[in-house]
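Visitor: Please show me the model, and then I will ask about it piece by piece.

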Amino acid sequence: MGGTLYDKLWDAHIVRRGENGEDLLYIDRQLVHEVSSPQAFRALGEAGRGLRRPETHLAVADHAVPTRGRDGAPIDPVAAAQVAELEANARDFGVRYHALTGEGHGIVHVIGPEQGFTLPGITLVCGDSHTTTHGAFGALAFGIGASECGTVMASQCLVQKRARTMRVELVGTLPGWVSAKDVALALIARIGADGARGFAVEYAGPAIAAMDMAGRMTLCNTTIEAGSRIGLVAPDDVTFAYLEGRPGAPKGDDWDKAVRHWKGLASDSYAEFDRIETLDVSALDPHVTWGTSPDQGAPVGEHVPDPALAAPGERDRIVRALGYMGLEPGMKLSEIAIDRVFIGSCTNSRIEDLRIAARVATGRTVAPGVCAMVVPGSAATRARAETEGLADIFRAAGFEWRDAGCSMCVAMNDDRLAPGERCASTSNRNFEGRQGQGGRTHLMSPASAAAAAIAGHIADVRTLMGQG
């Protein structure tokens, strides 16, 4: 067994060692959604094969589904066909499926942990790059392609190349109104969108120990935006408290045995990492992006960069980004006007995210001309937010309150930006056209997004809340 968390997880799942670092791994569980699964199911059907272990799969439609008018079928005919095909495949192949109108519905990376389907020590895959989210539980979780989805369905195994290891040590205490999303954006801005490529990233340190599971999931979710397919946090008492009592979690004596095993997954004190990055979060400011890549971000009090002052290799990239975003060098980030606000996505749609955004919205009103929406990550989160009165706060402030789904994170449904519209978004990617053709995306935390909705422009939430 290896000394790092990653090595322990990898070694425990090797079916057969290969050459050049490529091993055949056993895959414990797979999450399935409507966009990546059709090809895999069709291939199985054409080959006359069934799933090797149907009970290890969980299916839900999330990417293409509407987040309003949930009682009817998706308006878009392509989306309707995708959902219908997933429902049929789940039925025909014996896969557990959470229907659009069911209590278990939601974004795949939100309901996996909520259902206790995600557990420490397992390997978990999904046809979606943000499967890194589940590494927050000490699971070896990564996104795969459509053909690989079919391979897992048929064989419960995959050939994978072993990564190098990186430890990101987060020291200090997060200041008020600064969150895991700000940590993620600051780290990505520092190491670059490819800075962690080829590494399995483990987050550790005092700031991680103090972070709740929602924050850890946000960090692991955005690890892919730094180029890594794997983000990890060692399971601890915070993890166990979150999982205990979940539908899929072990019960009784099995729970006690599982916890004893999970405690042994943490990286050993003698473990050696190929690379170590340290980030002191004590003086961290809220961060926002200004460009078209998650690494093009800065503290909210800074200015849009001047490409003339950049290194030659970066100059053209900045010019292109500013051209697409419609920004001028030297503009204050906190004065950029916005048209839309989106609080949601598999990055920031959990109850903790909604609570902090509601604190900002309480007693305030969305600025004139701004269309703001809150999209819970699951039906369970939506119900809890309504019970806690959060939905009432959002509605009173002028936010649209939606059903669960990926929504405006990705332009695969009817929640899209129009060309030229500018959005303050809690999602994970600000690529050109990510939220709609010609749409302009500024990534930020839920608190910062709520502050932008109230101010009508990118704003420092600390100032709005009287702490700046």
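Visitor: Is E244 buried or exposed?
Guide: This is a predicted model, in which local features need pLDDT of at least 70 and side-chain atom pairs count only at pLDDT 80 or more, while totals for chains, interfaces and linings use all residues. Residues are numbered from 1 along each chain as its sequence is written, and side-chain values use heavy atoms, with hydrogens and water left out. Buried means under 20% relative accessible area, exposed over 50%, and partly exposed in between (1.4 Å probe, protein chains only). E244 has a relative accessible area of 52%, so the class is exposed.

Visitor: Which residues gather with E244 in a patch of negative charge?
Guide: E244 lies in the loop between α9 (237-243) and α10 (253-263); helices (H or I, at least four residues) and strands (E, at least two) are DSSP runs, numbered from the N terminus. Patches take residues with over 30% relative accessible area and no salt bridge, joining like charges within 9 Å and nonpolar side chains (Val, Leu, Ile, Met, Phe, Trp, Tyr) within 5 Å. Asp and Glu count as negative, Lys and Arg as positive, and His and the chain ends are not counted. The residues that join E244 in the surface patch are D253, D254 and D256.

Visitor: What is the radius of gyration of the chain?
Guide: The radius is taken over C-alpha atoms, and the globule rule is 2.2 Å times the number of residues to the power 0.38. For 468 residues a compact globule would have a value near 23 Å, and the chain agrees with this, at 21 Å.

Visitor: What share of the 468 residues is buried?
Guide: The C-alpha trace spans about 55 × 55 × 45 Å along its principal axes, and the secondary structure comes to 16 helices and 19 strands. Of the 468 residues in the chain, the buried share is 59%.

Visitor: Is T218 buried or exposed?
Guide: T218 sits in helix α8 (residues 213-221). Its relative accessibility is 2%, so T218 counts as buried.

Visitor: Where do D392 and R395 lie?
Guide: A salt bridge is a side-chain nitrogen of Lys or Arg within 4 Å of a carboxyl oxygen of Asp or Glu, and D392 meets R395 in one, with the closest N and O atoms 3.6 Å apart. R395 is partly exposed because its relative accessibility is 43%. The two residues are three apart, about one turn of the helix, and both belong to helix α14 (residues 390-397).

Visitor: Are D460 and R462 buried or exposed?
Guide: Their side chains form a salt bridge at 2.8 Å, N to O. D460 has a relative accessible area of 17% and is therefore buried. R462 also has 17%, so R462 is buried.

Visitor: Which residues do salt bridges with shared partners join into one network?
Guide: The structure holds 27 salt bridges. Those that share partners make one network of R382, E386, D392, R395 and D403.

Visitor: What is the phi of W177?
Guide: W177 is in the loop between β9 (164-171) and α6 (180-191). With a relative accessible area of 10%, W177 is buried. Its phi is positive in a residue other than glycine, at near 70 degrees.

Visitor: What is the phi of S407?
Guide: S407 lies in the loop between β17 (400-401) and β18 (422-425), and its relative accessibility of 0% makes it buried. Although S407 is not a glycine, its phi is positive, at about 55 degrees.

How values were computed. Areas by Shrake-Rupley, 256 points an atom, 1.4 Å probe, with all protein chains shown as cover. Charge placed at Lys NZ, Arg CZ, Asp CG, Glu CD.
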